Amino acid sequence: MTRKSGYTLAAALLAVMAVVCAVIVAGVDHAAAPVTDEAAPQPHATLADPASAGDWVASWATSPAAGEPNTRNGYPGMSIRNVVHADIGGTAARVQVSNLFGAAPLTLTDVTLAVAAGPGGADAVPGALVRLAFDGRPTVTIPAGASVLSDPVRLRVPAAADLLVTTYTPDPSGPVTYHPMARETSYLARGDHARDTDGTAFTEQTPYWRYVTGVDVWTADATGTVVAFGDSITDGRTSTVGADHRWPDYLAQRLRSAPNGPRLSVVDEGISGNRLLSNAQPDVPGNGRSGLSRLDRDALSQPGAKVLIVDLGINDILQDPRTITPDAVVAGLQAITREAHAHGLRVVGSTLTPFRGTRGWTPRLEAVRERVDEVIRSGRVFDAVVDFDKALRDPMDPERLRPAYDSGDHLHPTDAGYRAMADAIELDTLTGAAPAGV
């Protein structure tokens, strides 16, 4: 079954559930009130079963990368409908909203969460849109440099479904905290349309995610979260837009379908252009802060985080100013492992993938990559290793990507290459306690 047909069926069933339950509880006010008892959130009256045992896990997340260029005033008087793809489903949800790169307080007067009626669209399933509150109030002001977590709301979130997170602010405020490489189409509308089920007003399309950085669900379907932490290869830079074909997406599919596999959600905390050791250069702020400096914010603090999969280091070698000392890259990766262990996370690390043919490639840089991979394979860096280099390289020319996996820039994979990366991860490496140190 294709994603589109399967999603359409799931959305239709959810709509039917909403209608049937609405008839059963006719006369009851179905406005979603915030859940105050996080230990046992109650489901939305029209969409969820009675509350059961579970826990909070991250179902979708993204890394705030920078302040969006040319947004000094932000988007006053505009509704921003972010389309995001949930992994694990649940009976309640909460949303994280960020003003990390803002220069002034951000006031949001309307924020909603909804189940999308179809993949990639701006319409919500009837009865499956809820207004979010923050400390019991529908309006929230987020200081510059901060983020907030909404109160939990009762909502049946299906697994592998698109969600709509819509924000509205009446006031100028910027720059806008965003993730530029969403590989998903989101929408904007003039005026406050956050509570619109019909997406007709959302006539402007955008390739960015703005303000929203996470959706957590209360679930019994997963016991923890896998955080994919990396650069553009983890961010899925060349994957098909709207198809959810990044390697973390394929890994999530494998985990959901494995009958005896680990019960874990997967979230993607990749940033295109990101480096392990250095912050983004001023001319490319969207590349984000270094992996070492954003590790705690983007990865270790994720709800239910148990496993970290690390794929970082290529940009340190390839981008100016280059790191041409293999020991420096290895030391940075070892520092990530130590910090993750201090937070109780297991670390699976990847070898660095081929990039011969990319502008800037030299035999000297290739030697750095190969030396880093040699140390990674030795077991002195991570708890377990996934060999992305072996999965993607051309057997006849191992310094290059296999042609079927080369998107054309000789660095980023095709959808088939991203699938091969996910398939290279042994699921049993995601289980086990974190050692005391490496």
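The buried residues of α9 are covered by elements that include α2 (232–235), α3, β19 (305–311) and α8 (388–392). In α9, the residues D415, G417, Y418, A420, M421 and A422 are buried, that is, under 20% relative accessible area with a 1.4 Å probe and protein chains only. The model is predicted: local features need pLDDT of at least 70, side-chain atom pairs count only at pLDDT 80 or more, and totals for chains, interfaces and linings use all residues. Residues are numbered from 1 along each chain as its sequence is written, and side-chain values use heavy atoms, without hydrogens and water.

Helices (H or I, at least four residues) and strands (E, at least two) are DSSP runs, numbered from the N terminus. The axes of α3 (residues 247–257) and α9 (residues 415–423) come within 8 Å and cross at roughly 50°. That makes α3 oblique to α9, a class for angles that are not under 35, 65 to 115 or over 145 degrees. The α3 and α9 crossing is right-handed. Contact (heavy atoms within 4.5 Å) involves W247, Y250, L251 and R254 of α3 and D415, Y418, R419, M421, A422 and D423 of α9.

An open sheet has 5 strands in the order β18-β17-β19-β20-β21, with parallel pairing; two strands pair if DSSP finds at least two bridges between them. Two helices lie against the sheet, with angles taken from 0 to 180 degrees between N-to-C directions of axes fitted to C-alpha atoms.

| Helix | Strands touched or crossed | Angle |
|---|---|---|
| α3 | β17 (224–230), β18, β19 | about 180° with β18 |
| α6 (residues 326–342) | β17, β19, β20 | about 175° to β19 |

Definitions and conventions:
Left-handed = near helix turned anticlockwise from the far one by under 90°. Buried < 20%, exposed > 50% of the residue type's maximum accessible area, 1.4 Å probe, protein only.
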